[in-house]
Amino acid sequence: MLFHEHGYVSTDPRIKPAAGYGVDRATDLPDEMDVLIVGTGPAGMLAMAQLSVFPNINTRVIERREQRLEIGQADGIQARSVETFQAFGFAQEIINEAYHLAEMAFWKPDPENPTHIIRTALSPDDPANVSEFPHLIVNQARVLDYYADFSKRQPGRVEPDYGVKFLGLTMDDGSEYPAVVDIEYTAGPRKGETRTVRAKYVLGADGAHSPVREAIGAKRQGKISFHAWGVIDVLATTDFPDIRRKCAIASHDGGSILLIPREGGHLFRMYVDLGELAEDDNHAVRSTPLESVIAQANAILNPYSIDVKDVGWWSIYEVGHRVTDRFDDISEERTHLEPHVFIAGDACHTHSAKAGQGMNVSMQDGFNLGWKIAHVLEGRSPESLLRTYNGERQVIAQNLIDFDLEWSAMMAKKPEEFASPTELEDFYQSTFEFPAGFMTQYEPSMITAEAKYQDLATGYTVGKRFRSAEVIRVCDGTPQHLGHLRKADGRWSVYVFPGKADAEFQDWAKWWSEGENSPLNVHNAPTDDEAAFFDVKVVYDDDYSGINPMEVPEAFRPKVGPFQLTDLNNIFGKGTSWRHEADFYAERGIADTGVVVVVRPDHYVANVLPLTAKDELAEFFAGFLNDRRGEAGELETAGPVDLTVERSKVSGE
């Protein structure tokens with residue numbers, strides 16, 4: 001963690017000095033705001049956290065509940081989400097708190113006694129070792145708490161306004177604040193009062209029954225599968241030996257259980273198969289009593305049993321697979337306009353809970369959109385950038401629905417219906433990367449290039465997430481995971497791998513610092529720090545111990561903060577340090593002819609280019625970033641932190 005660039009800090013360095021709208025933050029909603037987020041679910045809270053980094057963006061969040069979520073329905077945290085937590089600075093804390101899923105057990109009827117179940121397979125949870133981070137189980141409410149804590153520590157000091165209900169919105173196109181939103185206070189001294197506020201942008205992260213979705217006329221497409229499940233979080237005594245493992249359990253009569261241990265060492269969740277429904281059931285299954293769900297669970301577990309002592313939460317649900325026809329307010333009648341209202345999370349896609357995707361995909365919706373809104377509001381990008389949100393995330397949602405349809409059908413099958421005895425286990429192993437969050441690949445667009453030079457970095461597929469690996473930091477000899485140094489600060493990362501092409505590398509570095517068309521000089525305002533918008537790092541294919549950081553090009557030694565201190569933390573090599581071996585080039589397929597890898601603020605690879613393709617790199621950034629060379633004095637406090645803040649305020653004096 002880097003800090004002190006604004007002056008000595010003796011207090012918690014995670015708490016940034018308040019700036020912009022974070023100074024004397026208004027206690028009530030203003031009449032006008034830049035961004036209004038509706039809902040405090042995973043998508044809304046991540047978007048809030050991302051925008052809290054930008055103090056000059058007036059971000060507000062409303063939630064109709066009177067207080068924070070106490071019991072969340074979601075609990076599965078895939079490895080891609082943990083990578084995201086790392087960017088927000090709380091991965092290790094939540095890893096320490098959560099339950100770790102290391103393997104999955106499969107239970108089926110005993111061929112010699114079909115009324116009893118036996119374990120037939122035990123599979124590693126991450127068979128391909130696709131991430132250094134674990135698959136976790138933790139209450140959704142705790143995840144939201146961590147995002148809330150992050151937001152309160154950022155310069156914008158954004159916190160949700162609880163007890164405020166979204167009633168509806170209309171659009172006043174052409175206005176500076178085109179979204180006209182009606183709200184009602186549902187708690188506190190103003191309970192029952194209604195008023196109207198205006199926003200430049202609205203994000204509806206308000207659940208499956210989203211009023212924001214209804215307000216923009218977006219439609220859900222899909223169907224209910226007419227299969228019901230009971231889900232219960234329980235404390236119980238049992239003789240079932242795999243009670244602390246994730247299990248797929250199929251009984252002789254076709255009933256099944258997906259068992260998921262929860263954090264804390266005792267709590268566990270069961271998704272209990274309640275069978276097929278008649279098409280005219282009309283949701284009558286939702287009145288199934290808790291006792292019936294527990295009885296069904298015991299029938300499936302035979303010859304084992306559970307004696308439930310306490311129920312933390314339970315529900316009955318019918319599996320529905322639906323995706324919304326669009327994720328913004330650009331209907332056929334509004335195609336000539338740019339989007340100003342968006343939806344995310346369950347407002348966009350609903351599916352079964354058994355694949356552990358709801359919270360995880362929702363968070364990536366919020367991550368995808370948050371930095372794009374910040375780019376536009378800070379004047380860094382044109383509004384057309386916001387069209388990429390629908391273009392990217394709707395495809396991902398449909399892929400999720402397709403996967404979940406197949407997984408849910410698998411879980412609902414009777415043992416005799418499988419094509420082979422190991423079909424379920426084989427499916428779990430072969431598709432692991434999808435639920436883990438690593439199959440997402442964005443198609444070419446204004447912010448994701450064609451994979452023209454993919455052979456130069458085979459470990460970094462254009463459009464997929466940037467996968468970390470270890471390097472040795474030159475200035476102090478410490479092993480670092482390169483991807484872990486990437487923060488959710490809205491910056492673009494430019495990773496330069498010189499390979500053996502020293503002349504081309506030196507030429508590239510000089511161009512980046514001094515070139516007339518260099519993205520650094522075109523898209524940074526003259527008042528911006530060198531590292532305000534571009535995080536530029538170099539990884540040498542040489543032993544770190546022989547690299548003199550003072551001889552590395554200045555492109556990788558930016559001046560930062562009001563004292564213009566030299567940052568030496570962007571230079572890396574390979575070798576062995578502290579008993580860690582690091583050879584990034586070999587691990588990630590980096591060509592020795594040199595390569596530049598561009599990574600988006602949400603950590604997806606945007607471009608792979610040779611060192612000689614400087615003009616192509618400049619053209620790529622020019623396709624979605626504004627030319628800011630003439631903006632001196634206009635945006636002095638733009639960016640993650642207010643560089644004009646007084647030293648005494650930073651140091652806590």
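1. A quick word on terms before we look inside: a cavity here is a set of grid points where a 1.4 Å probe fits but cannot get out. Please keep in mind that this is a predicted model. Under that rule, the structure holds three cavities of 30 Å³ or more.

2. Let's begin with the largest cavity, which has a volume of about 150 Å³. Its lining is made up of 14 residues, and those closest to the centre are Glu83, Phe466, Gly483, His484 and His603.

3. Which helix gives the largest share of that lining? Helix α2, spanning residues 79-87, does so with four residues. As for chemistry, the lining of the largest cavity is a mixture: five residues are nonpolar, five polar and four charged.

4. The second largest cavity encloses about 70 Å³ of space. You may like to display its lining residues together: Trp107, Lys108, Ala248, Ile249, Ala250, Ser256, Met410, Met411, Lys413, Phe418 and Leu424.

5. Where do these residues sit in the secondary structure? Strands β5 (103-110) and β13 (246-250) and helix α8 (387-412) each supply at least two residues of the lining of the second largest cavity. The largest share comes from β13, with three residues.

6. Finally, the character of this second lining: eight of its residues are nonpolar, one is polar and two are charged. For the largest cavity, by comparison, the counts were five nonpolar, five polar and four charged.

Key. Residues are numbered from 1 along each chain as its sequence is written. This is a predicted model: local features need pLDDT of at least 70, side-chain atom pairs count only at pLDDT 80 or more; totals for chains, interfaces and linings use all residues. Side-chain values use heavy atoms; hydrogens and water are left out. On a 1 Å grid over the protein atoms alone, a cavity is a set of points where a 1.4 Å probe fits but cannot get out, and a pocket is an open set with protein on both sides within 12 Å along at least five of seven lines; lining residues have an atom within 4 Å of a point. Grid points are joined across faces, edges and corners, and a volume is the space filled by probe spheres set on the points. Ala, Val, Leu, Ile, Met, Phe, Trp, Tyr, Cys and Pro count as nonpolar, Asp, Glu, Lys and Arg as charged, and the others, Gly among them, as polar.
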